[in-house]
Amino acid sequence: MLIINCPWCGARPEIEFRYGGEAHIARPADPSALSDQEWADFLYNRTNPKGRHAERWRHIHGCGRYFNAVRDTVSDFFVATYKAGEPRPDIAGETK
Amino acid sequence: MPDNAALQRLSEGLRPIEAVRLSLLGPAARLAFRSREAGIGPAGEAFGVALPREANRFGQSGSRFAFWLGPDEWLLLAPGEDAAPLAAAIEAATLGVPHALVDVSSRSVGIEIAGREAAFALNQGCPLDLSLAAFPIGMCTRTLLGKAEIVLVRLGPELFHLDVWRSFAPYVIGYLDEARREFA
Amino acid sequence: MTGSFRTASGGRIDRAKPLAFRFDGTTYYGFQGDTLASALIANGVHLMGRSFKYHRPRGVVSAGSDEPNALVDVRRDDARTTPNLRATQVELYEGLVATSQNRWPSLAFDAGAMNDLFSPFLPAGFYYKTFMWPAGAWKRFYEPKIRAMAGLGVAPTLPDPDRYTQHYAHCDVLVIGAGPAGIAAALAASATGARVMLVDEQAEFGGSLLAETAATLDGKPAQQWLADGLETLAASGNVTLRTRTTAFGYFPHNMIALAERVTEHLASPNPNLPRERLWQVRATEVVIAAGALERPLVFPENDRPGVMLADAGRTYLTRYGAKPGTRATVFTACDSGYRAALELAAGGVEVAAIADLRPQVHGDWAAKALDAGIDVRPSTVVTGTLGRRRVSGAHLAKLKAGAVGPAETVACDLVLMSGGFTPSVHMFSQSRGKLVYDPALQVYLPGTSVERERSAGACRGVYGLKAVIEDGYARGEGAAKDAGFGTSSPRAFAVEAAELGTDGFIGAVPHGRNPAFAKAFVDWQNDVTSKDIALATREGFRSIEHVKRYTTTGMATDQGKSSNMNALGIVSEQLGVGVPQIGLTTFRPPFTPTTFGIFAGAARGDLFDPIRTTPIHDWAAERGAAFEDVSLWKRAHYFPKTGEDMHAAVARECKAVRSSAGIFDASTLGKIEIVGPDAAEFMNRMYTNAWTKLEPGRLRYGVMLREDGFVMDDGVVGRLSHDRFHVTTTTGGAPRVLAHMEDYLQTEWPDLDVWLTSTTEQWAVIAVQGPKSREILQPLMDDIDLSRAAFPHMSVREGHVCGVPTRVFSVSFTGELGFEVNVPAEHGRAIWEAIFKAGAPYGITPYGTETMHVLRAEKGYIIVGQETDGTAVPDDVNLGWAVGKAKRDFVGKRSLERAAMSAPDRKQLVGLLTTDPKIVLEEGAQIVAEPGVKVPSPHPVPMLGFVTSSYASATLERSIALAMIKGGRARIGTKLHVPMPGGSIEVTVVEPSFYDPKGERFDA
């Protein structure tokens, strides 16, 4: 069971959280302007890196907030967590 | 007419265990208050308890409590009071300020768990560190107890309150009763 | 009376507390502090089990959790029978009843032992080679027979009556293992003020110190030092001490799972105590002080009862006061054999000879042995043993330039063996740390860490008591420091102890015999011999993981604790490559077998899952309602009267609603209050419908899509004011819908001033449906006018019912005039009863979810999750009307614009009427165009769709069904077919609305 550092509540056990998929994929402002392919990319296509991955988590059984995290998919350790809306931290050693 | 008869029966049927005492708390006004910064001050003033800005802390004045549950979310609790006049006062104080105030008095019930082994019993289902250093008096948070979500509040070294959605209350009481059985 | 092999004094047993116990029906006596194994040894009993495959007689090999042979079944009663326990870990209590396993009719005479005679025909992989033909025989014949022959113990069939609990714990430093290193680590860490937890799998703390009789620490006998240290720890106030607690799993982010056996050692446990407890410990830092396990030597017939590890033999004597034999031969590759020989000789066991694999012995061990009159033979191997149910002699032969000389037989009833020590790296390896092979020690040691842990003492290759204690202290201090605590006061340890060197041997010992007739065991429990492993390599297996699976070495309950390194050594020799090149099998949890009980914990019976009930549940239960599970809720399914089955009850309930009035508990519907200046805008974005123009006081049926355009949920939404909506969701969808809304609100549109609050449990919801519902409800309303003019269909009013605040919806899921009365939950039952009473003159009838389903199906209303399966767009289920065409955007809109989402051959909702009105189709049945197809069909038949809902309709006096069919709307009026095992059923495709299609009854 992972320990996840909620930007609001601090370190909490994984069981209080829900995973929310890859982060920083903003919903297009005008979806109808997109081609089918562009829409499919937004809907379905994700980077799935081996290494550092920016992803969304929600502290659903805590403060209820969505936030973002950078987690290493190889080691399962978190590199950083940050509030929704904040930019992805510039962490050296990006996706391996 | 209002009653929690089934719950009352359940909690009254529990055997007394001094190390972990369990009891059902009485009815209370509960208001879910949501707002950005502008509403925090006026709402607290109208309720009579300043809404804490620090995460996972509660404010108290007399018997009224304001629990921080999220950065824009507070649970206002007034045991034994009627929610309607409280809500009216807060609505009046926050007129024109974007906010949401919802009466959730009947949504949950309160449970008190007290005694020398209260934290130990809670830790049979709650994954948080309940040492006084990690979960001090004055702390409150949503968390889990077994498979139920609860709001856990620490009022004293050996005194906790739980707020749990009413349909989960029999499970939570049963779970805690099972957890404390080794101290019978 | 407590055993002829019991020493006169000494050991940690309590000689004032004799205990009677039974093994295989015979009563024996032991002492408090004995294990079952030590008590049996004190009674001269070594034969404790039969091997898995060959049914060879087996005795105890070890004195700890690495025991491969002495598996027993401990029985308290029919339900409390535990198989496969290691006799070396079973603590003796008064009246303990144990039996051996895998033998018939008795341990001494086992009919299965004939397998041993046929062993040339049972080589490695014999399962795969032998039982291949005829096809099908494996399941019918081979597997049942093999399972009966080659079994472990038998699990009880009764439910487990005991309690198991689980506990989350947190500490700064967790110390795993309370031998000298662990004790020292705990002392160092606790002195800094850190919260320390010290756990050990044994009944007592101390590890190797418990068998220590000669060493002194800080000028005190080792066991006194141990007692003082434990007293310091117990008094410190920040240390949790748990014996009988096995760290069995190391999980990410330093979560360690511990299994504590709370009452297993008690003759009559307090029923209020849990039998076992699962600890889920989150430690800032972990010190692994798991020690090392002595390694057996692989030589022919090394499995006879009476052959055991040297240090185990010593432990039985010094810790338990049980002599493991009368005359011993010691076969050793390291100093441990000498220490055991000397202590046994001093304890009254004659030592016939020490066969030392090494040409030379370092230090003064040989001299001491010679002084004690022991025959020490360097460069000597044991090439075989004699005896059947107990060893009676050993063949000793000289090694000269790698060749084995002629053997000489030495009579003995005990053979002690030592191949050196293998560090116990299980927990380190489980933590995903990288192991490194140490060629000098011929063992794997902890290398690079992944988690915040460190190993201390023998488990990281530190040998010698002084070095181990100093290492433990330093590591404990370091752990506390890294956990944010200061340093403890420096401490030196004065240690006087016999030093054992670091010699050892891995692989198979040369024996010079015809390999066809020599069984040298590597894995005792699974009957894997050196020959089996050699065969596997000859047959082409190279990876140790493959060798393991092919030969089953290391796959027994001891998980290779004693066999891994020797298996590696044999493969290495066979392939002529170094051990590190062969690799190492993965260490997985659990460290020792763990009961299912602790994983279940309290989650059984009523506590398995929360059982959610509504405020009206008890009323329904008192009237004999049948309930069904809907997510975690119990919902009244139907209300049978005496003698009624479900079909009759549902028919009666349906008729009552259609002709007069029914009352239905809809409290489980999800409810969300959406409040804020941007509430309508948020609703516009989340639902397909348009909300801006919905007036306060009106209701609208809302459809929610996922972003991929498929229907996710639906429900009636009431607008209470310009900035407040009362949203309802499906019962099962409530948490999902709220999370979906929060996701968009928080991450896509954080600028919107709107907030969501779950009010599912705030309101009890009483649906009153039927032509008489208005007449029944109106008198109960304090301030709400239910008249058609004042309260049209699809409206919401706030006011009071019987003095209680209420929100009343004029809404119908039945096709009849109807209302839903929302009241605060604690008033639910009272208002329900008031309505029921008021409805009595009208024959108001309580109905359940089954009737609700039938009534809505008659109207063609869908249920999300029944008609839809996550691939239906609104138009597929005739909800195209609910999609706001003029809206610029809403969740799912762009996906609906894809051509495929409006293709004419999509599956569409239609009604089905069977030609024979009495036949009720099966939900889920497939629909085809071809008539006369029977299941199974001899040829492929294109599937057009499937039945989603099907009922016997009392109102229509015939069966009805809903279905999703390709291009269904274009097929209306045509005949299709439903192939079933009993024959094909003819149906006509119709509009999916069977009753009052124009909706004239809502305002009746």
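The questions and answers below deal with a predicted model and cover its chain A, two of its interfaces, one helix and several salt bridges.

User: In what order do the helix and strands of chain A run from the N terminus on?
Analyst: Chain A has 1 helix and 6 strands. Its C-alpha atoms fill a box of roughly 40 × 30 × 20 Å along the principal axes. From the N terminus on, the order of the elements is β-β-β-α-β-β-β.

User: What percentage of the residues of chain A count as buried?
Analyst: A residue counts as buried when its relative accessible area is under 20%. Chain A has 96 residues, and the share of them that meets this cut-off is 45%.

User: Which three residues of chain B supply the most area against chain A?
Analyst: In this interface 17 residues of chain B are in contact with 12 residues of chain A. The area buried between the two chains is about 1000 Å², with 55% of it from carbon and sulfur atoms. Of the area that chain B buries there, 39% comes from three residues, more than from any other three: Pro71(B), Arg142(B) and Leu144(B).

User: Which residues form the salt bridge between chain B and chain A?
Analyst: The count between these chains is 1 salt bridge. Its closest N and O atoms are 3.7 Å apart, and the cut-off is 4 Å. The partners are Arg65(A) and Asp72(B).

User: Which element of chain B gives the most residues to the side that touches chain A?
Analyst: Between chain B and chain A there are 5 residue pairs in polar contact. Two strands of chain B, β4 (64–70) and β8 (140–145), each supply at least two residues of the side that touches chain A. The strand that gives the most, with 4 residues, is β8(B).

User: Where in chain B do Asp72(B) and its partner Arg34(B) lie?
Analyst: Asp72(B) also forms a salt bridge with Arg34(B), with the closest N and O atoms 3.2 Å apart. The pair links distant parts of the chain, 38 residues apart. Both residues are buried. Asp72(B) lies in the loop between β4 and β5 (73–79), and Arg34(B) in strand β2.

User: How much area do chain B and chain C bury between them?
Analyst: Here 44 residues of chain B are in contact with 52 residues of chain C. Carbon and sulfur atoms carry 54% of the buried area. The size of an interface is often given as the accessible area lost when the parts come together. For chain B and chain C this value is about 3900 Å².

User: How many salt bridges are found across the interface of chain B and chain C?
Analyst: One of the charged pairs here is Asp753(C) with Arg36(B), whose closest N and O atoms are 2.6 Å apart. That distance falls within the 4 Å limit. Across the whole interface the count is 6 salt bridges.

User: Which element gives the most residues to the side of chain B that touches chain C?
Analyst: The count of residue pairs in polar contact between these chains is 24. Four elements of chain B give two or more residues to this side: α1 (5–12), β2 (28–35), β6 (99–103) and α5 (169–179). The one that gives the most, with 5 residues, is β6(B).

User: How many residues of helix α20(C) are buried?
Analyst: Helix α20 of chain C covers residues 734–748 and reaches 21 Å from its first C-alpha to its last, close to the 21 Å expected. Its buried residues include Ala734(C), Leu738(C), Met741(C) and Leu745(C). The helix is mostly covered, and its buried residues number 11 of 15.

User: Which helices of chain C are linked by Arg339(C) and Asp311(C)?
Analyst: The side chains of Arg339(C) and Asp311(C) meet in a salt bridge at 3.2 Å, N to O. The two residues are 28 residues apart, and both are buried. Arg339(C) lies in α8 and Asp311(C) in α7.

User: Why does the pair Asp876(C) and Arg906(C) tie together parts that are apart in sequence?
Analyst: The side chains meet in a salt bridge at 2.8 Å, N to O. Asp876(C) is buried at a relative accessible area of 2%, and Arg906(C) is buried at 15%. Asp876(C) lies in the loop between α23 and α24 and Arg906(C) in the loop between α24 and β45, so the pair joins parts separated in sequence by 30 residues.

Definitions and conventions. Residues are numbered from 1 along each chain as its sequence is written. Chains are lettered from A and ligands numbered from 1 in the order in which they are written. This is a predicted model: local features need pLDDT of at least 70, side-chain atom pairs count only at pLDDT 80 or more; totals for chains, interfaces and linings use all residues. Side-chain values use heavy atoms; hydrogens and water are left out. Contact means heavy atoms within 4.5 Å. Buried area is the accessible area (1.4 Å probe) that two parts lose on being put together, summed over both. A polar contact is a pair of N or O atoms within 3.5 Å; within protein, one must be able to donate a hydrogen and the other to accept it, and residues adjacent in sequence count only if both atoms are side-chain atoms. The expected span of a helix is 1.5 Å times one less than its number of residues. Buried means under 20% relative accessible area, exposed over 50%, partly exposed in between (1.4 Å probe, protein chains only).
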